[in-house]
Amino acid sequence: MMRILAAVLLLCSVMAPPLAAQSVEPGRNTKVWVAGAYSFSDELGGFTILAASGTGTRDDPIVIEQELSSASPVIMVIRARRTIRPYALAGDYANGMINMRIKAINGSGLPWLEFEFELQEVLRQPSVYGDGLSFDQRSVGGKSILSNRFNRFDDRFEPYDRLIYFDGNVDPLDSAEFSFMITDFTPQPEFYLLLDPRIPSS
């Protein structure tokens with residue numbers, strides 16, 4: 001009987017979900033998603049994170065799948081869950097460099113004509129040029145900035161860190177993918193990513 005019980009416990013441990021699955025962050029009553037050295041939360045409302053994976057490197061970006069339930073701006077909370085070590089290997093530590101891919105489902109019932117991202121070091125205050133947090137502002141030509149539904153982008157690094165995708169559209173219940181790199185040369189244990197779908201004006 002003990003051998004059977006041990007075999008069942010071993011099978012359950014093998015089938016356990018990977019680290020990137022949904023988990024509860026200690027000391028908080030909210031569920032977060034873990035990928036690489038960071039956690040991602042939809043605790044501020046307006047959207048739902050569905051999945052997270054990856055380590056944050058160029059070859060293995062962190063992929064966040066989510067659904068936006070309205071056309072209003074929403075804010076994702078990003079926290080370092082491992083020791084911050086600038087210039088360390090991505091995935092092993094929070095090193096201030098994250099290659100990201102956002103897969104956003106349009107659950108708003110309205111078409112999206114543009115999509116904006118904004119970094120915030122302080123909640124609901126746009127990140128400024130000199131705080132070290134940016135969409136890889138040292139990169140030339142925006143090689144890491146891509147989308148499967150929008151053909152062009154505008155990277156506005158001054159005075160705020162904003163990235164706007166345009167020249168495309170996303171119909172209701174359809175989805176779009178956005179790729180970019182976040183750099184923070186004075187890494188913070190917590191920062192915020194605002195997502196703002198743009199709809200046709202009335």
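**A walk through the strands, salt bridges and pocket**

Let's start at Ser70, which sits in the loop between strand S5 (62-68) and S6. This is a predicted model, so read what follows as a description of a prediction. With a relative accessible area of 25%, Ser70 is partly exposed. Which residues does Ser70 touch once its neighbours within four places in sequence are set aside? They are Gly46, Ser108 and Pro197. Take Gly46 from that list: Gly46 and Ser70 are 24 residues apart in sequence, yet their C-alpha atoms are 6.7 Å apart in space.

Now step back to the whole chain. The secondary structure amounts to one helix and 14 strands. There are 202 residues, and 42% of them count as buried. Contacts across long stretches of sequence show up chain-wide: of the contacts between residues at least 6 apart in sequence, 66% join residues at least 24 apart.

A word on confidence before going on. The chain has a mean pLDDT of 84, and 81% of its residues reach 70 or more. Residues 1-21 are another matter, with pLDDT below 50; beyond near neighbours in sequence, that stretch has ten contacts in the model. Where pLDDT is low, the predicted coordinates should not be read in detail.

On to the charged side chains. Side chains of opposite charge can pair when their charged atoms come close. Here the cut-off is a side-chain nitrogen of Lys or Arg within 4 Å of a carboxyl oxygen of Asp or Glu. By this rule the model has nine salt bridges. One of them joins Glu43 and Arg79, whose closest N and O atoms are 3.1 Å apart. Glu43 belongs to the loop between strand S3 (38-41) and strand S4 (47-53), while Arg79 is in strand S6 (residues 74-80), so this pair ties together parts that are 36 residues apart in sequence. How accessible are the two partners? Glu43 is partly exposed at 31% relative accessibility, whereas Arg79 is buried, with a relative accessible area of 7%.

Another salt bridge links Glu114 and Arg198, at 3.4 Å from N to O. Glu114 is in strand S8 (residues 114-120) and Arg198 in strand S14 (residues 190-198), so the parts tied together by this pair are 84 residues apart in sequence. Glu114 is partly exposed at 27% relative accessibility, and Arg198 is partly exposed at 26%.

Which other side chain meets Arg198 in a salt bridge, at 3.5 Å from N to O? That is Asp196. Asp196 is found in strand S14. Is Asp196 buried or exposed? At 14% relative accessibility it counts as buried, because the cut-off for buried is under 20%. Leaving aside neighbours within four places in sequence, Asp196 is in contact with Ala71, Pro73, Glu114, Phe115 and Glu116. Some of these names come back in a wider arrangement: Glu114, Glu116, Glu118, Arg162, Asp196 and Arg198 are linked in a network of salt bridges.

Next, the empty space. Rolling a probe the size of a water molecule over the atoms shows where empty space is left. The largest pocket holds about 170 Å³. Its lining is made up of Arg58, Pro61, Asn99, Met100, Arg101, Lys143, Ser144, Leu146, Ser179 and Phe180. Which strands each supply at least two residues of that lining? Strand S7 (97-106) and strand S13 (175-184) do. The largest share, three residues, comes from S7. As for chemistry, the lining of the largest pocket divides into four nonpolar, three polar and three charged residues.

Finally, have a look at two backbone spots. Arg124 is not a glycine, but it has a positive phi of about 65 degrees. Arg124 is in the loop between S8 and strand S9 (133-134). With a relative accessible area of 56%, Arg124 is exposed. Leu173, also not a glycine, has a positive phi of about 70 degrees. You'll find Leu173 in the loop between strand S12 (162-168) and S13. Leu173 is exposed, with a relative accessible area of 73%.

Notes:
Residues are numbered from 1 along each chain as its sequence is written. This is a predicted model: local features need pLDDT of at least 70, side-chain atom pairs count only at pLDDT 80 or more; totals for chains, interfaces and linings use all residues. Side-chain values use heavy atoms; hydrogens and water are left out. Helices (H or I, at least four residues) and strands (E, at least two) are DSSP runs, numbered from the N terminus. Buried means under 20% relative accessible area, exposed over 50%, partly exposed in between (1.4 Å probe, protein chains only). On a 1 Å grid over the protein atoms alone, a cavity is a set of points where a 1.4 Å probe fits but cannot get out, and a pocket is an open set with protein on both sides within 12 Å along at least five of seven lines; lining residues have an atom within 4 Å of a point. Grid points are joined across faces, edges and corners, and a volume is the space filled by probe spheres set on the points. Ala, Val, Leu, Ile, Met, Phe, Trp, Tyr, Cys and Pro count as nonpolar, Asp, Glu, Lys and Arg as charged, and the others, Gly among them, as polar. pLDDT is the predictor's confidence in each residue, from 0 to 100. Contact means heavy atoms within 4.5 Å.
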